[in-house]
Amino acid sequence: MVMLVMTSDVYAQIVAYCLERLPEEACGMLAGPAVEQGTAHYGNEACTFYPARNAAGSARLYTVDPLDYLRADRDVEIRGLVILGVVHSHTHTEPYPSPVDIDQAPDPKWHYVIVGLGRPLPSMRTYSIRAGQVIEEELLIGGLGHRQAQLII
Ligand SMILES: [Zn+2]
């Protein structure tokens, strides 16, 4: 099973940002070190989160603001990282990709992280989306280098 590892800092930043952006869907980019070319993902260790504005300004849809995307893209280049995927929140529904999320998934090598805010506690899930096919990935929080802490709500 494919795994996405995320620092606990990144996890906390994402959840805080998603709550802060309510009632809109929040979004942003995940970055981390690149793995060799030719693998199924650009990388699997998320060490940085770039919050982005939701250009759709919607509680049901998200569009990463193109300027915020460019800023993140420039910053990862300077730091020798790569964009690993995109994060967004579901304000009312379960953290599973909607038909629009699946249709509009721009990159088969990205991780698609969704934070569900429809229940009392936020829950985070991650998926790969390739040619319309959704596969859930394992998510490890705080385990960079030493995968000790697993937190899946
Ligand atoms: Zn969605």
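## The β6–β7 hairpin

In β7, threonine 126 is the bridge partner of valine 113. The model is a predicted one, and this residue pair belongs to an antiparallel pairing in which five bridges connect strand β6 (residues 111–116) with strand β7 (residues 123–130). Isoleucine 114 likewise has a counterpart in β7, where it stands opposite arginine 125. The two strands, β6 and β7, form a hairpin, with six residues between them.

Strand β7 is mostly covered, since six of its eight residues count as buried.

## The β7–β8 hairpin and its turn

On to the pairing with β8: strands β7 and β8 run antiparallel and are joined by five bridges. Arginine 130 of this pairing stands opposite glutamine 133 in β8. Here too the strands form a hairpin, with two residues between them.

Alanine 131 lies in the loop that connects β7 and β8. The phi angle of alanine 131 is near 50°, a positive value in a residue other than glycine. Alanine 131 counts as exposed because it has 7 C-beta neighbours inside 10 Å, and a residue is classed as exposed when that number is 12 or fewer.

## The sheet as a whole

Both hairpins are part of an open sheet of eight strands with mixed pairing, in the order β3-β1-β8-β7-β6-β5-β2-β4. Strands β3 (45–46) and β4 (48–52) stand at the edges of the sheet; each has a single partner strand, so one side of each is left without a neighbour in the sheet. Helix α1 (residues 8–20) packs on this sheet and touches β1 (3–6), β2 (27–32), β3, β4, β5 (82–90), β6 and β8 (133–141). The direction of α1 makes about 15° with that of β4.

Strand β5 takes part in pairings of both senses. With β2 it runs antiparallel, over six bridges, and in this pairing glycine 32 stands opposite valine 82 in β5. With β6, strand β5 runs parallel, again over six bridges; here valine 115 in β6 is the bridge partner of serine 89. Strand β5 is mostly covered, with eight of its nine residues buried.

## Helix α1 and the loop that follows

Helix α1 has 13 residues and spans 18 Å from its first C-alpha to its last, close to the 18 Å expected at 1.5 Å a residue. Its buried residues are Val10, Tyr11, Ile14 and Cys18. Viewed down the axis of α1, these buried residues fall within an arc of 105°, so they line one face of the helix. Among the elements that cover them are β1, β3, β4, β5, β6 and β8.

The loop between α1 and β2 contains proline 23. Leucine 22 and proline 23 are joined by a cis peptide bond, with omega at about 10°.

## The nonpolar core

The largest nonpolar core has 39 residues. Those with the most contacts inside this core are Met6, Met29, Leu30, Ala31, Ala46 and Val87.

The surroundings of alanine 46 can be described in detail. Leaving aside residues up to four places away in sequence, alanine 46 touches Leu4, Val5, Met6, Val10, Leu30, Ala31, Gly32 and Leu84. Among these contacts, Val10 is one of the buried residues of α1, and Gly32 is the residue that stands opposite valine 82 in β5.

## Aspartate 68

Aspartate 68 lies in helix α2 (residues 66–79). Aspartate 68 is partly exposed, because 18 other C-beta atoms lie within 10 Å, whereas a buried residue has 20 or more. Not counting residues up to four places away in sequence, aspartate 68 touches Ala52 and Arg53.

Aspartate 68 can also be related to arginine 130, the residue opposite glutamine 133 in β8. Aspartate 68 and arginine 130 are separated by 62 residues in sequence and, from C-alpha to C-alpha, by 24 Å in space.

Note on methods. Residues numbered from 1 in each chain as written. Predicted model: local features only at pLDDT ≥ 70, side-chain atom pairs only at ≥ 80, totals over all residues. Pairing = 2+ DSSP bridges. Helix = DSSP H or I, 4+ residues; strand = E, 2+ residues; numbered from the N terminus. Contact = placed C-beta atoms within 7 Å. Axes fitted to C-alpha atoms, helices over the stretch in contact; angles between N-to-C directions. Core = buried A, V, L, I, M, F, W, Y, C linked by C-beta atoms within 7 Å. Expected span 1.5 Å × (residues − 1). Arc of directions from axis to C-beta.
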